[in-house]
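Here is a colleague's note to read alongside the model, one point at a time. Please keep the sequence and the 3D view open as you go.

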Amino acid sequence: MRNKYFILALTVLLSCSSTPERYYNHVALEETDTLEDIIWKAAHVVPSDRQFEWQRLELTAFAHFGLNTFSGMQWGSGKEDPALFNPTDFDARQWVDVLKKAGFKSLLLTCKHHDGFCLWPSAYTDYSVIQSPWKDGQGDVVREVADACHEAGLKFGIYLSPWDRHEQSYGTAEYNDYFVSQLTELLTGYGTVDEVWFDGACGEGPNGKRQEYDFDRWYRVVRALQPQAVIAVMGPDVRWVGNERGRARETEWSVVPNNNLDPSLIAAESQHELIMPPTRMTREPDLGSREIIRNAKTLVWYPAESDVSIRPGWFYNDNDAGQTKTPEQLMDIYFKSVGRNSNLMLNIPPNKEGRFGDEEVESLLGFARLREKIFETNLIDFSEVTIDCLSPARARMVCDGNYDTGVCLDKGQVIAWKWQEAVTFSIFLAQEDIRKGQRVESFSLEYKTEEGTWATAAEGSTIGYKRLLHFEPVTTNEARMVIHSSRLEPFIAETGLY
Ligand code: FUL
């Protein structure tokens with residue numbers, strides 16, 4: 001008997017330790033690659049350090065604030081009087097304080113939206129806070145928000161709209177210089193910036209012309225000035241999930257093809273960084289299944305960010321009163337974004353006072369209380385955990401509350417839990433250690449019925465950084481996680497039952 005365990009343990013050890021440690025952020029596929037080769041390559045694509053740091057934030061906030069807050073518009077024309085901007089009780093610390101209490105880790109501010117109005121005193125235009133009665137034109141919203149974030153240990157991000165409906169040079173090559181100058185102001189004057197958000201909108205400017213955006217140049221500016229910042233949406237590090245409802249796909253792959261990326265640029269097995277142009281494939285239902293990647297030229301790590309507003313509009317509007325999403329609605333969004341291998345970027349539009357309104361504050365704090373209540377007790381903590389051939393201490397690593405310790409499972413190996421007294425749960429949490437790639441393609445949670453047979457409580461496809469399955473409550477003494485398909489041995493970091 002002992003011998004059998006020894007041999008099994010050795011097999012597991014060898015199969016996992018023989019997994020070559022050859023990981024990359026992007027990889028080229030060869031014409032001669034078989035599907036097996038492609039799967040193997042896909043399983044070795046991992047996040048860059050900045051992507052990994054970003055993924056761990058889970059909850060990020062967006063604040064749309066500017067002239068639209070006062071005009072009631074969602075897209076300003078660029079002709080609104082800058083004197084309209086006049087918050088009566090602006091308080092960035094209140095925003096940050098509420099966000100901290102609600103468990104958010106980062107805040108991204110619309111420093112300039114499509115109307116071109118700047119929330120900081122840019123040296124390159126006077127269409128900014130300089131012309132506002134707020135603080136007699138001496139104020140700087142970006143400064144106050146950045147400082148409040150940094151003081152409170154919240155990450156800070158910037159939204160600088162490429163589309164500018166005010167700036168006269170828009171539609172000419174000069175505009176790209178103007179844009180770089182503004183980007184440089186924001187990236188050099190306000191301390192650490194952790195996320196730069198480029199929107200895709202590209203409409204006409206004041207002279208009726210559209211702009212050809214020089215993304216390549218902008219990316220280089222960001223990398224040179226704030227190398228740790230992720231560049232999101234129209235950028236190489238983080239992709240838009242494809243809708244503005246905060247909903248990720250049930251099957252959400254972070255490893256996707258980027259057919260815009262020239263494979264010849266990728267030196268075989270190189271670790272060096274490439275900055276790819278944006279792909280426009282973010283709306284499709286399937287981005288990374290075997291069917292999709294088998295026809296790819298290159299594969300990249302490109303994780304999803306799900307954005308949505310807590311109110312109907314991105315900017316504050318009096319008419320939206322009473323329509324703030326409830327804690328329950330936010331919880332549903334949480335399950336469908338963070339619980340589906342995506343970060344949630346929740347927009348909370350500050351009101352005309354320059355504060356988060358009571359409705360929003362109440363809802364955000366209610367959302368935090370709901371999460372605390374649901375995830376307060378991991379029932380797995382009270383179970384006996386077994387993984388065949390592993391010591392109890394090793395097996396515990398998949399549920400020790402520490403993402404940095406996990407277990408590489410062998411093919412067919414299950415994680416099993418036993419309780420002395422029956423427990424009831426309706427949520428299953430699973431996390432892969434994405435520094436080892438995204439591997440799991442399908443899994444299920446099973447439980448022992450009163451008759452002593454195994455039944456399925458819930459099934460899932462991808463896991464990635466985090467997967468949450470919500471199902472009808474189950475009462476049992478035994479449960480197990482079975483992985484049915486994986487691109488490489490599954491590397492599970494955490495599990496939970498609630
Ligand atoms: C969109 C913009 O056009 C909206 O106004 C908003 O800023 C949203 C987050 O991105 O593309």
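**Notes on the ligand site and the fold**

1. In this model, which is predicted, an oxygen atom of the ligand lies 2.6 Å from an N or O atom in the side chain of Asp-199. On its own the ligand has 290 Å² of accessible area, and the protein covers 89% of this. Two further side chains can be listed in the same way: an oxygen atom of the ligand is 3.0 Å from an N or O atom of the Tyr-159 side chain, and an oxygen atom of the ligand is 3.1 Å from an N or O atom of the Trp-75 side chain.

2. Which residues are around the ligand? They are Phe-62, His-64, Trp-75, His-113, His-114, Tyr-159, Trp-197, Asp-199, Glu-244 and Trp-314. Sorted by class, this shell consists of five nonpolar, three polar and two charged residues.

3. Ser-161 deserves a look next, and it sits in the loop between β4 (155-160) and α7. Is Ser-161 buried or exposed? With a relative accessible area of 0%, Ser-161 is below the 20% cut-off and is therefore buried. Its side chain makes a polar contact of 2.8 Å with the side chain of His-114, a residue that also belongs to the group around the ligand. Setting aside residues up to four places away in sequence, Ser-161 touches Lys-112, His-113, His-114, Tyr-175 and Phe-179.

4. Helix α5 covers residues 92-101, and its buried residues are Ala-92, Gln-94, Trp-95, Val-96, Val-98 and Leu-99. When you look for a pattern in such a list, remember that an α-helix has 3.6 residues a turn, so residues three or four places apart point the same way. The cover over the buried residues of α5 includes two strands, β2 (59-63) and β3 (106-112), together with the helices α6 (141-152) and α11 (358-375). At the N-terminal end, Asp-91 acts as a cap, with a side-chain oxygen 3.1 Å from the backbone nitrogen of Arg-93, while just after the helix Gly-103 adopts a positive phi of about 85°.

5. Helix α8, made of residues 215-225, has Phe-215, Trp-218, Tyr-219, Val-221, Val-222 and Arg-223 as its buried residues. These pack against the helices α3 (49-55) and α7 (173-189), and against the strands β5 (195-198) and β6 (230-233).

6. Strand β6 contains Ile-231, which is buried, with a relative accessible area of 0%. Apart from neighbours within four places in sequence, Ile-231 is in contact with Val-196, Phe-198, Tyr-219, Val-222, Arg-223, Pro-236, Asp-237 and Val-238. Of these contacts, Tyr-219, Val-222 and Arg-223 are also among the buried residues of α8. Phe-335 lies 104 residues from Ile-231 along the chain, and the C-alpha atoms of the two are separated by 25 Å.

7. Taken as a whole, the protein chain has 12 helices and 18 strands. Its radius of gyration is 24 Å, close to the 23 Å that the globule rule gives for 498 residues, so the chain is as compact as a globular protein of that length. Along the principal axes, its C-alpha atoms fill a box of roughly 80 × 55 × 35 Å.

8. Of the 498 residues, 60% count as buried. Among contacts between residues at least 6 apart in sequence, 77% join residues at least 24 apart. The accessible surface of the chain comes to about 20,600 Å², and carbon and sulfur atoms account for 48% of that surface.

Notes
Residues are numbered from 1 along each chain as its sequence is written. This is a predicted model: local features need pLDDT of at least 70, side-chain atom pairs count only at pLDDT 80 or more; totals for chains, interfaces and linings use all residues. Side-chain values use heavy atoms; hydrogens and water are left out. Buried means under 20% relative accessible area, exposed over 50%, partly exposed in between (1.4 Å probe, protein chains only). Helices (H or I, at least four residues) and strands (E, at least two) are DSSP runs, numbered from the N terminus. Contact means heavy atoms within 4.5 Å. A polar contact is a pair of N or O atoms within 3.5 Å; within protein, one must be able to donate a hydrogen and the other to accept it, and residues adjacent in sequence count only if both atoms are side-chain atoms. A residue is near a molecule or strand if one of its heavy atoms lies within 4 Å of it. Accessible areas come from the Shrake-Rupley method with a 1.4 Å probe; for residues, only the protein chains shown count as cover. Ala, Val, Leu, Ile, Met, Phe, Trp, Tyr, Cys and Pro count as nonpolar, Asp, Glu, Lys and Arg as charged, and the others, Gly among them, as polar. The radius of gyration is taken over C-alpha atoms; the globule rule is 2.2 Å times the number of residues to the power 0.38.
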